[in-house]
Structure formats: structure tokens, C-alpha cells
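Take a walk through this structure, from its overall layout to single residues and back out to its largest pocket. Keep the sequence and the coordinates side by side.

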Amino acid sequence: MIWGSPPADFDWFDDSQWDAIESNARLLTGIAQAGRIRGICFDPEPYDFSLWDYSKQPRAKGALIRRVPAKVRQRGAQLDARV
């Protein structure tokens, strides 16, 4: 199970946070492959912080809010390519 509810200071533009996410995803997929499990459940429901409400992101001020959706797509492509 993977929860889609990061800490309130999560920032899509923070490379160090993203490196930790990628590392954890690689670890999870490696364990899943080794254990021959059938799938991984992703729970996108926000509990403490809404990852999907871009207006609440740290960089949601002014023109930067328009850059968030593109960065989210970029991060998804990075994850898909590396995991």
C-alpha cells in the first residue's frame, strides 16, 4: 500500500524530496518483484495534506501556480522511466 498524502511541506519542485520518493518506489518495486506479488495499491486520498490541490502547494503564489501541473507531469514521467 502506498499513500498519496505527503507532509505539509511537500514541494513538487524539491529535488531532494523527489529523490527520496524515487528511491522508495524502486525499493518497493524490487520487493514486489522478488516476492512475486500481483500488484501494488496506491491510495491517492489526502489525509493531512492535499497533494492534488495545487493551490495549497508551497509554490502556489502568483505565476508559479501555473508551473505546478507541468512539474507534476514531469515527475510522473521521471518515476515511470526510472522505476
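A residue counts as buried when its relative accessible area is under 20%, as exposed when it is over 50%, and as partly exposed in between. Glu-22 has 3% relative accessibility, so it is buried. This cut-off will return below. The model itself is predicted.

Start with the layout. The protein chain has two helices and two strands. Read from the N terminus, the order of elements is β-α-β-α. Strand β1 covers 2–3, and helix α1 covers 15–35. Strand β2 takes up 42–43. Helix α2 runs over 68–82. The C-alpha trace spans about 45 × 25 × 15 Å along its principal axes. Of the 83 residues in the chain, 27% are buried. Now take the contacts between residues at least 6 apart in sequence. Among them, 73% join residues at least 24 apart.

Back to Glu-22. Which residue does Glu-22 form a salt bridge with? The partner is Arg-26, with the closest N and O atoms 4.0 Å apart. Both residues sit in helix α1, four residues apart, so about one helical turn separates them. Arg-26 has 39% relative accessibility and therefore counts as partly exposed. The bridge thus pairs a buried Glu-22 with a partly exposed Arg-26.

The structure holds two salt bridges. The other partners are Asp-15 and Arg-75, whose closest N and O atoms are 2.7 Å apart. Asp-15 belongs to helix α1 and Arg-75 to helix α2, so this pair ties together parts that are 60 residues apart in sequence. Is Arg-75 buried or exposed? Arg-75 is buried, because its relative accessibility is 2%. Asp-15 reaches 46%, so it counts as partly exposed.

Next, the aromatic residues. There are two aromatic pairs in the structure. In one, the ring centres of Phe-10 and Trp-12 lie 5.2 Å apart and the planes meet at 85°, so the pair is edge-to-face. In the other, Trp-12 and Trp-18 have ring centres 5.9 Å apart and planes at 35°, so that pair is tilted. Phe-10, Trp-12 and Trp-18 form one aromatic cluster. How do its members stand on burial? Phe-10 has 5% relative accessibility and so counts as buried. Trp-12 is also at 5%, and therefore buried. Trp-18, at 6%, is buried too.

Trp-12 leads on to Val-68 and Tyr-54. Val-68 lies in helix α2. At 1% relative accessibility, Val-68 counts as buried. Set aside its neighbours within four places in sequence. Val-68 is then in contact with Trp-12, Phe-13, Tyr-54 and Gln-57. Gly-39 offers a contrast in distance: Val-68 and Gly-39 are 29 residues apart in sequence and 29 Å apart in space, C-alpha to C-alpha.

Where does Tyr-54 lie? Tyr-54 is in the loop between β2 and α2. Its relative accessibility is 23%, so it counts as partly exposed. Leaving out residues up to four places away in sequence, Tyr-54 touches Trp-12, Ala-60, Ile-65, Val-68, Pro-69 and Val-72. Take Pro-69 from that list. Tyr-54 and Pro-69 are 15 residues apart in sequence, and their C-alpha atoms are 7.8 Å apart.

Finally, turn from atoms to empty space. Rolling a probe the size of a water molecule over the atoms shows where such space is left. The largest pocket holds about 590 Å³. Its lining has 24 residues, and those closest to its centre are Ile-2, Trp-3, Ile-21, Phe-42 and Leu-79. Which elements each supply at least two residues of the lining? They are β1, α1 and α2. Helix α1 gives the largest share, eight residues. What classes of residue make up the lining? There are 17 nonpolar, six polar and one charged residues.

Helix α1 makes a good last stop. It holds both partners of the bridge between Glu-22 and Arg-26. Through Asp-15, it is tied to Arg-75 in helix α2. Helix α1 also contributes the largest share of the pocket lining.

Terms used
Residues numbered from 1 in each chain as written. Predicted model: local features only at pLDDT ≥ 70, side-chain atom pairs only at ≥ 80, totals over all residues. Heavy atoms only, no water. 1 Å grid on protein atoms, 1.4 Å probe; cavity = no way out; pocket = protein on both sides within 12 Å on 5 of 7 lines; lining within 4 Å. Points joined across faces, edges and corners; volume = space filled by probe spheres on them. Nonpolar A, V, L, I, M, F, W, Y, C, P; charged D, E, K, R; others polar. Buried < 20%, exposed > 50% of the residue type's maximum accessible area, 1.4 Å probe, protein only. Contact = heavy atoms within 4.5 Å. Phe/Tyr/Trp six-rings, centres within 6.5 Å; stacked < 30°, edge-to-face > 60°. Salt bridge = Lys/Arg side-chain N within 4 Å of Asp/Glu carboxyl O.
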